[in-house]
Amino acid sequence: MKLEAMAVMLPDVASHPNRAPFTGVLTLVDEPSTKPPSGARGHRVILTRAAALEALPSLLGMAVDYAPSWDGHDARRKCGIITQADVEGTRLRVAGYLYSKDFPEVERQMQQCASGAMGMSWELADAHVEDMRAEVWTLTRATFTGAAILLRDKAAYRDTSFALGAARCRTFAARSANPEPAAAARTHRNFRDGAGAAFRMNEKGKDTTWNHKRATCGQAGIRTR
Amino acid sequence: MESQTGDLRTGGDTNAMSENLERMAERMEAAASLFERTVTQLEERESARTGEVQKMVATVDASRESELQKKLEAAEQQIAEMRAQMEAQVETRGESRIEAQARSARKTVPAATAQLLAKQGISTLETVEAGALDAALSGLSLEQRIAVKAQLLRAGVVG
């Protein structure tokens, strides 16, 4: 399995009252959507893997929002942030934080709804369609401008998911001897075979790699491998 | 008196002006919506040419679904109306057929013939026996007998 991952590093704050970690599957890559997305003029779409990978940086730092009816996007209800995005197989997985204190209704919804009932949806801008006459549009380029938490059957992709607290987002503040500035740093990693643990924390190997990178680069900021 | 006329005139002018304004507002609204539609069409044409889509959201296209839902509802209504029309036509046809049958079943003969038959002891025309009819018509001339029998035949009294 090939996995491409990218994350925004946030300083770790123990028991933060307004951060509830979440994970989810935002979309599928190289697979047609179950239904036509809004704005696709009735066409189902395929987000190519290449386009998704190219667009991963645009996804980080974008907000997750929700609509009170849980059936779409409401850009004025930004209830969280995406800090990590991985393409694992055909799934584009995301992780991040919800502002749980500010938006208790989201946590309430997650507690009340049936397991697996919630999904996710992306919002794209400046998408390029390979052939607009095709029955299924192939998106070869796009920019993620946001995401939404919604009922899974309201999403154009049925196989999306959203869960609270399943994993914690990667943060490297506690890993370094030197305190990391609050400003975000970013990594871009390519994992191969068995590296599906991109969302797991406290892995010695990653710590070693990270510390090595810090020592060699000697600076905070965007880091790419 | 003059002032009243002036007031009336002013009132009339105001009404006319407000009507004019309303008309203008309507026309401007229509022009604006036409302009919006044109812009949308131009954007769609442009995006179709370049393959660019400004915004896309991975939610089920509710507008399209509602549009399809409306079309479905309209189609269902049309089907219901057509079905009702067909049923009404069938009913009308059935009624007219029944009427026709009833009409054909109704055995009427001219009043003179009926009176003649009554005098001969045949008061009902539902069932007339051949023997009784011949006996009743025995007093008539051959031409009269033929005429009466022809009328009874047309009326369906005799086969």
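B:Val53 in β1(B) is the bridge partner of A:Ala127, so to speak a handshake across two chains in what is a predicted model. The strands involved are β8 of chain A, residues 118-129, and β1(B); they run antiparallel and are joined by five bridges. 

**Where chain B meets chain A**

Step back from that strand pair and look at the whole contact: 14 residues of chain B touch 27 residues of chain A. On the chain B side, β1 (52-60) and α2 (62-105) each supply at least two residues. Which element of chain B gives the most to this side? That would be β1(B), with nine residues. Sorted by class, the chain B side that touches chain A has seven nonpolar, three polar and four charged residues.

**Chain B on its own**

Chain B has five helices and one strand. Following the sequence, the order is α-β-α-α-α-α. Chain B is 159 residues in length, and 9% of them count as buried. If you take the contacts in chain B between residues at least 6 apart in sequence, 50% join residues at least 24 apart.

**Strand pairs**

Here are three pairings from the model, with one facing residue pair for each.

| Strands | Sense | Bridges | One facing pair |
|---|---|---|---|
| β8(A) and β1(B) | antiparallel | five | A:Ala127 and B:Val53 |
| β5(A) and β6(A) | antiparallel | three | A:Ala63 and A:Ile81 |
| β5(A) and β9(A) | parallel | three | A:Val64 and A:Ala147 |

Strand β5 of chain A covers residues 63-66, and its antiparallel partner β6 covers residues 78-88. In that pairing, A:Ala63 stands opposite A:Ile81. β5(A) also pairs in the parallel sense with β9 of chain A, residues 136-151, where A:Val64 stands opposite A:Ala147.

**The nonpolar cores**

A:Ala147 turns up again in the largest nonpolar core, which has 61 residues; A:Leu59, A:Ile82, A:Leu139, A:Ala147 and A:Ile149 touch the most other members. β9(A) gives the most to this core, with eight residues. What does A:Leu59 touch, leaving out residues up to four places away in sequence? Its contacts are A:Ile82, A:Ala85, A:Val94 and A:Phe144. Another core, of seven residues, lies apart from the largest one, and its members include B:Ile122, B:Ala136, B:Leu137 and B:Val157.

**Two aspartates with positive phi**

Two residues of chain A are worth a look for their backbone angles. A:Asp30 has a phi near 60°, a positive value in a residue other than glycine. You'll find A:Asp30 in the loop between β2 (20-28) and β3 (37-38) of chain A. The other one is A:Asp126, which is not a glycine either, yet has a positive phi of about 50°. A:Asp126 lies in strand β8 of chain A, the strand that five bridges join to β1(B).

Are these aspartates buried or exposed? A:Asp30 is partly exposed, because it has 15 other C-beta atoms within 10 Å, and a residue needs 20 or more to count as buried and 12 or fewer to count as exposed. A:Asp126 counts as partly exposed too, because it has 15 C-beta neighbours inside 10 Å.

Technical notes. Residues are numbered from 1 along each chain as its sequence is written. Chains are lettered from A and ligands numbered from 1 in the order in which they are written. This is a predicted model: local features need pLDDT of at least 70, side-chain atom pairs count only at pLDDT 80 or more; totals for chains, interfaces and linings use all residues. Helices (H or I, at least four residues) and strands (E, at least two) are DSSP runs, numbered from the N terminus. Two residues are in contact if their C-beta atoms, placed from the backbone, lie within 7 Å. Two strands pair if DSSP finds at least two bridges between them. Ala, Val, Leu, Ile, Met, Phe, Trp, Tyr, Cys and Pro count as nonpolar, Asp, Glu, Lys and Arg as charged, and the others, Gly among them, as polar. A nonpolar core is a set of buried Ala, Val, Leu, Ile, Met, Phe, Trp, Tyr and Cys residues joined through C-beta atoms within 7 Å.
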